[in-house]
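Hi there,

Here is the structure I promised to pass on to you. Have a look at it first, and then read on for what turned up in it.

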Amino acid sequence: MPNTTGESERILFIDDEVGMCNSMRELLRESGFAATVVQSPQEALDKIRSESFDLIVTDIKMPKISGLDILFEARKADPEAIVILMTGFASLESSLEAIRQGAFEYLLKPVEYSQLEISIRRGLEKRQAARARKRLLDDLKTANLNLNNRLNEINALYEAGRSLMAVSELKTLLDKIVALAAGVTQAEIGSLMLLNGSGEYLIIESSIGLDPKIAAQVRLPLGESIAGYVAKSGQPLMVQDVEKDERFKRINKERYHSASLLCVPLSVSQKTLGVINMANKQNGENFTEHDLKLLTTFASQAAIAIDDTRHQQENLHKLREFTVLFELSQKLSAVGSVSAMRATVFEYLKKLMPLDFALWFEWQENLASLKPVGATGTNIPLTDTGSFNLDKIRQEDIIIDNVDFRGMNLESIPALSSYLAERIVKYPAFPRPGGNFTALPVLQEGELRHVFCVANESGHAYTEQEISLARLVISQASGFYEREKALLNATRLLTMGNMISEISHDLRRPLTNIRGGLQILREKWPEVAEGSDFFKMIESEVLRLNELVKELVDFSKPHKYETEIADIRMVIKRASELLRPELKKKNIKYSEEYDACDYELAMNKNQILEVFLNLFLNSVDAMEDGGGLKVTGKIDRPSFKKTDYLAITITDTGCGIKQENLAKIFDRYYTTKKTGTGLGLAVVERIISAHGGTLSVQSEYGKGTDFTLYFPI
């Protein structure tokens, strides 16, 4: 019989007559049937119980075991069994029993082979139809089962999505995502990794079945290992055997012990947020493509939930930031002192960002130094007003000198932070800068005014948002600081001016009387006046006192400068000529050297002459045993400016200035001379500032000093 199903059709023929068995064996073989022919009914039963047959032909009348017994056992082993009964002793009873037990045919002997063949073919066709029906039913059951499974998975994904959308706290959401993903894929180990703020590496934000210590240490660069590869490519990945995959061989053994792994990206609008990793399937089997597809579908929902929660938390965070900034602005408008302002800034910054300590420096451009004006979270002794207690700590221990910002982009926070961290670590008074030390420049009109340093030990790297907020706060506070400083200086100047005016007014009358008395004495006894060094000394000192009073009056009542275009070299030459006797007397060699450039400036010649006279006199006083005084001119740019200036440098080889005194030389009334007023350099600074310029000083004690005046071109 042709096999249309591609399956082997087996026939069992049973008869206790030898001749019948031999002839049927040959006839069945010639007809193309695969038939097993047996004479023993017991042997037939054994085969029926141990083997599978598509059709059975058996005689009814056999010793000990009848054909009906064979029919019973065959139907017991296979309810769909096709059994043809043959008998030479037909009876109504046997035919009814055969029908009752489900016999396919009941044939009377002698049976024509052609008739038997027809019955066999009909029986096999029925068997094939039954088998096809069963196969169809099995396929239908499998399809229904798969459909139910898909529906259950869809329902599970839907419920998972609903539950994720109901979570508003990011850490809780991430933990729930990992738990749901592990449930969907039947994984024992899983993790959710998110890219850091800069997108450089992945961090495990939540995990299940992982050692928390290992999870906390992971910083996986983008593109490396399985997770880094998936995060970079944006494509889901299933690895059946990580030990045999040349791309990832043994890389993840420390965290995942199974060979089969799943990793899918968390992506929203073509932007990858991170990845979900799953390993160690509960039944010990490998993950399937269906598992990968299911996890990928779930990950798309999870990514949307993460993105939405992030945006929600960012909005809440921004609202909180606006609230803090509003409260801070109100506080700053009400504070009455700089120290109170600094305390308020530190207090509110802690609400915006993690802060263990903060340092506030004022940039002193003329001294190339950073002077601390505020601190919190340090052991530096402070006064009750919040200033540094210089009775308990030396200035040189906290003023960072020789700061060089030339060639540095001050807007580059990492570069500025790295540079200052290297400098601050050399000053034991300050806390040690850690990995999260950040220096923030405060610029006003493009010029550096302050540097604010913040740090924390929590491992939290400051975000761009936190840095922007801190710069905004410090800029506002710095403006307050500058206004308060200017107001304080103005108040001091006003008080000082009033005081000096009164003193000068009182001094002029006795000086006038003394000068008049000296003039009368000179006219009455000219020979005494000319021959007495004591008389000449009195006249000289009176004149000097008169000049000092004039200088005090000029300083206390600054007037608007009337400027004219003039060559500054002519003013410098005039100043050197006035001091030529002093230079010659002290054996000081004077020289000038100018680069080829324009030296004509808008200036008040008398005031600029006073500047150079003051600086020349300081140099002369610093060279008691002779030396060299040199003036040079060129176009140059100070380290703390962004434009070119005409730079005039006065260089002497005198005694120099001690490092601890450099920060104070421009303070009014500060002097190291026995007879000085302490106003000379203060006047110089005031006049240069009034001309729109600036100045700097460099000095090495025992070797000399360079004063550089920068005039706008």
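A term you will need straight away is the salt bridge: a side-chain nitrogen of Lys or Arg within 4 Å of a carboxyl oxygen of Asp or Glu. Please also keep in mind that this is a predicted model.

**Salt bridges**

How many salt bridges does a search of the whole structure find? The search comes up with 24. Let me walk you through a few of them.

Start with K47 and E51, whose side chains form a salt bridge with an N to O distance of 3.6 Å. E51 has a relative accessibility of 30%, so this residue counts as partly exposed.

Next, look at R127 and D54, where the N to O distance is 3.5 Å. R127 belongs to helix α5 (residues 113–165), while D54 sits in the loop between α2 (41–50) and β3 (55–59), so this salt bridge ties together parts that are 73 residues apart in sequence. Are these two partners buried or exposed? Buried means under 20% relative accessible area. R127, at 11%, is therefore buried, and D54, at 5% relative accessibility, counts as buried because that value also falls under the cut-off.

D175 and K171 give you another kind of example. Their closest N and O atoms are 2.8 Å apart. Both residues are in helix α6 (residues 170–185), with four residues, or about one turn of the helix, between one position and the other. D175 has 32% relative accessibility and counts as partly exposed, and K171, at 41%, is partly exposed too.

Some salt bridges share partners, and in this way D54, D78, R127 and R131 are joined into one network. You have already met R127 and D54 as a pair in this email.

**The sheet**

Now find the open sheet of five strands, which has the order β2-β1-β3-β4-β5 and parallel pairing. Which strands stand at the edges? They are β2 (34–38) and β5 (105–108); each has a single partner strand, so one side of each is left without a neighbour in the sheet. From one strand to the next, the twist averages 15 degrees.

In general, the strands of a sheet pair through backbone hydrogen bonds, either parallel or antiparallel. For a close look at one pairing here, try β1 (residues 10–14) and β3: they run parallel and are joined by four bridges. To find your place in this pairing, look for I11, which stands opposite L55 in β3.

Happy exploring, and write back with any questions!

How values were computed
Residues are numbered from 1 along each chain as its sequence is written. This is a predicted model: local features need pLDDT of at least 70, side-chain atom pairs count only at pLDDT 80 or more; totals for chains, interfaces and linings use all residues. Side-chain values use heavy atoms; hydrogens and water are left out. Buried means under 20% relative accessible area, exposed over 50%, partly exposed in between (1.4 Å probe, protein chains only). Helices (H or I, at least four residues) and strands (E, at least two) are DSSP runs, numbered from the N terminus. Two strands pair if DSSP finds at least two bridges between them. Axes are lines fitted to C-alpha atoms, for helices over the stretch in contact, and angles run from 0 to 180 degrees between N-to-C directions.
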